[in-house]
Amino acid sequence: MVCLGNICRSPLAEGIMQHFVDEDGLDWQIDSAGTGNWHVGEGPDRRSVLTARNHGIDISKQVCRQFRRSDFSEFDLILVMDKNNRSEVLAMAPDEQSATKVMLLLGDKEVPDPYYDDSKFEPVFALIEQGCRDIIKKQRTI
Ligand code: 4NP
């Protein structure tokens with residue numbers, strides 16, 4: 001799960017996907033990262049922590065890290081929140097095969113950055129939740 005800062009959207013995406021994977025007993029490894037490095041080592045934004053907590057998900061122990069080239073060999077799917085994230089990540093892809101792992105979490109839509117608007121965290125949670133459900137459904141039919 002990749003966004004810009006790895007403090008708002010992708011920590012929510014990691015927490016929500018981990019929650020579903022645990023519920024379904026899937027053997028998936030979930031992680032998140034940011035294309036930027038401003039918040040490396042910090043926990044998620046408190047608004048994301050609170051929003052997740054309101055839905056029974058604890059993301060408070062996550063630690064921000066930057067996306068790295070080795071993530072392409074580490075993971076089968078690299079789910080990005082918006083098209084800027086996608087460009088940044090694709091620019092780091094070592095080869096064509098790696099580039100095919102990169103997709104928008106919402107398929108053709110973006111998860112908007114809620115950083116500057118407190119009221120956006122709840123709708124962003126709902127978007128990410130639906131995106132995670134759809135990914136699980138799709139992967140299970142492959
Ligand atoms: P995120 O939101 O990409 O959803 O984590 C942002 C958080 C911080 C910044 C930008 C976006 N920032 O510029 O610090």
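## Around the ligand

How many nonpolar, polar and charged residues does the shell around the ligand have? In this predicted model, the shell divides into 5 nonpolar, 3 polar and 2 charged residues. Walking along the chain, you will find Cys3, Leu4, Gly5, Asn6, Ile7, Cys8 and Arg9 around the ligand, together with His39, Asp113 and Tyr115.

## Polar contacts and cover

Let's look at the oxygen atoms of the ligand. A polar backbone atom of Gly5 is 2.8 Å from one oxygen atom of the ligand, and a backbone N or O atom of Ile7 lies 3.0 Å from an oxygen atom of the ligand. His39 takes part through its side chain, with a polar atom 2.8 Å from a ligand oxygen. On its own, the ligand has 350 Å² of accessible area, and the protein covers 90% of that.

## The pocket that holds the ligand

Which pocket does the ligand sit in? The answer is the second largest pocket, with a volume of about 150 Å³. Its lining includes Trp38 and Tyr116, along with Gly5, Ile7 and His39. By class, this lining has 7 nonpolar, 2 polar and 2 charged residues.

## The largest pocket

The largest pocket has a volume of about 430 Å³. It is lined by 20 residues, and those closest to its centre are Gln29, Ile30, Phe75, Asp76 and Leu77.

Three elements are worth finding in your viewer here: α3 (71–74), β3 (78–80) and α6 (121–140) each give at least two residues to the lining of the largest pocket. That lining is made up of 12 nonpolar, 3 polar and 5 charged residues.

How values were computed: Residues numbered from 1 in each chain as written. Predicted model: local features only at pLDDT ≥ 70, side-chain atom pairs only at ≥ 80, totals over all residues. Heavy atoms only, no water. Near = heavy atom within 4 Å. Polar contact = N/O pair within 3.5 Å; in protein donor to acceptor, adjacent residues only side chain to side chain. Areas by Shrake-Rupley, 256 points an atom, 1.4 Å probe, with all protein chains shown as cover. 1 Å grid on protein atoms, 1.4 Å probe; cavity = no way out; pocket = protein on both sides within 12 Å on 5 of 7 lines; lining within 4 Å. Sits in = over half its atoms within 2 Å of the grid points. Nonpolar A, V, L, I, M, F, W, Y, C, P; charged D, E, K, R; others polar. Points joined across faces, edges and corners; volume = space filled by probe spheres on them. Helix = DSSP H or I, 4+ residues; strand = E, 2+ residues; numbered from the N terminus.
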